[in-house]
Amino acid sequence: MSWEKIAKAKQAALAESIPSEYRIPKDLLPPDSQLDVTPWPKQSGWLTVKELEITESTASTILQKIASKAWTSEDVTKAFCKRAAGGHQLTNCLTDFFPDEAIKSAAALDDHLQRTGKVVGPLHGLPISLKDNFNIKGKDSTVGFTSLVDQPAEYNATLVDILQGLGAVLYCKTNVPTAMMIAESVNNTFGRTINPLNRALTSGGSSGGESALIAFGGSPLGVGTDIGGSLRIPAACTGIFTLRPSHGRFTTQRCRSGLAGQEAVKSVNGPMARTLEDITMYSKAVIDAKPWLVDPTMLPIPWQPVEPKPKLKIAVMWNDGICTPTPPVTRALKETVQKLKNAGHELVDWDPKQLHLKALQLLGRMFVADGGKSVEALLKPTGEPWRPEMKMYEDATELGTLDMWKLHLERTELQRQYLEQWVSYDGLDAILCPTAPYPTVKHGDFKYVGYTGVYNVVDYSAVSFPSGVTVEKAVDTPAAEYKAQSEFCQAAHDSYDAEALHGMPVSLQLVAQRLEEEKVLAMTATVLQTL
């Protein structure tokens, strides 16, 4: 079969997996002209009052309601399955959907709670969505390639086993870009995922199916991955929270990769949710499960609660020296900094020197070190063409072993220099910076991952959080005296459209040092209090 036929059949099978009671009646569908479909679940009358109450609740609230037997996991699971199905029909965010299995799992958990009076674990009965690359036995993990359609996983990803052991209910998998290596979620198998806050804009990538689903209310909490910004970029595009942990805290074992064996920069996974409290709750639950007992690459670091510091020392990166943030992002930074100063925190300016440029160049070289052969090998069996976004991989030249070793040495030296720079700011707690130079962009315009990618190279812990600022077209006008710092900078400036972005949330990033997940979450809570 040609790649086109495989893609068409896979999309049809996915549509068919949505039960008739979860299909939106034609007369209730929002018109194509309605860009923001997040109010639609309330306005349309398609969901019942109870379904709305459940799906508008935070993960932490849902867990309390289930544990107290106020709600059953079965009712909660059915409500999220229905809303997720609706979200997919409006944003194309799913790659797999298995409501019957999920409802059966939820009923078994309810039965256990009834019989024993005890929950199975800290995530008992909570529906959790997963990015497409998490292997679930019997399900595809295509990561966007037609050659991986109908190649079901023979085993679970280690995290899947952990989540089920903690009592989570798995019900769907979400869309990604080809090989998970583009900052927007688009591929030849499933097509493009769009942003529920504005369907003319991207929900980001590579965890863009997750961000769209969560922002629509179709998941209380999801898990994505990040190798250059793939958690933080989609979280920022949709105004939700995420944690990018350092490698060694959350297991990535037995997941599918688009660049399998690439370890110069490590991929990590982390939670995505609508509240910081849910991110922290999930992180503690997973680390308390001691993943180092099942994954030899995990570090045996138990969860260590951090006392919030009354006064933080934060370095502000206004500009990384490569790509000037667009006006709403700069305004969000200014307003946040002023509020932090007013609350008594110490703010200094971060000097990126040439370290950020070096990090970005290193990241690009690491990604294409195999000469694009990993991607090519997955395209070839079905004759699937290269997508235009993958030009960098298509044109790449393979590095030899010696050159790869040299690249590792450059990376390690950059990590040393970055740490030296950090320590030179005596007593520094965090860096505050943009998550991206834009709030989000029109489809096809996301070109710059420098603000996130640098922290993949140095492997620092980071949280992307909504700043509370939204784009105002009358205020966030382009600067008259604009001078581009690079091609990336010019492209960001040229594609910026205040009219198109009006009302979109603006996110920022708080960065701590390596393996400081607990600290960065506590500091983000402090920052949110001042906002």
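How far apart do the end C-alpha atoms of residues 75-521 lie, and how much of the span is helix and how much strand? In this predicted model, the end C-alpha atoms of that span are 31 Å apart, and its residues are 36% helix and 16% strand. The span is the one to which UniProt, in an unreviewed entry, assigns the feature "domain: Amidase", an annotation that may be inferred rather than shown by experiment.

Toward the end of the chain segment just described, attention can turn to E518, which is found in helix α19, a helix made up of residues 517-530. With a relative accessibility of 7%, E518 counts as buried, and its side chain is joined to the side chain of R249 by a polar contact of 2.8 Å. Leaving aside residues up to four places away in sequence, E518 touches R249 together with P302, W303, Q304 and V306, so that the partner in the polar contact also appears among the residues that surround this buried glutamate.

The cysteines call for a separate look. A search of the whole structure finds zero disulfides. C93 takes part in none, the nearest cysteine sulfur being that of C172, at 7.4 Å, and C172 is likewise in no disulfide, with the sulfur of C93 as its nearest cysteine sulfur at 7.4 Å. Because a disulfide requires the two sulfur atoms to be within 2.5 Å, the separation of 7.4 Å leaves C93 unpaired. Both residues are nevertheless buried: C93 has a relative accessibility of 0%, and C172 has a relative accessible area of 1%.

Key
Residues numbered from 1 in each chain as written. Predicted model: local features only at pLDDT ≥ 70, side-chain atom pairs only at ≥ 80, totals over all residues. Heavy atoms only, no water. Buried < 20%, exposed > 50% of the residue type's maximum accessible area, 1.4 Å probe, protein only. Helix = DSSP H or I, 4+ residues; strand = E, 2+ residues; numbered from the N terminus. Polar contact = N/O pair within 3.5 Å; in protein donor to acceptor, adjacent residues only side chain to side chain. Contact = heavy atoms within 4.5 Å.
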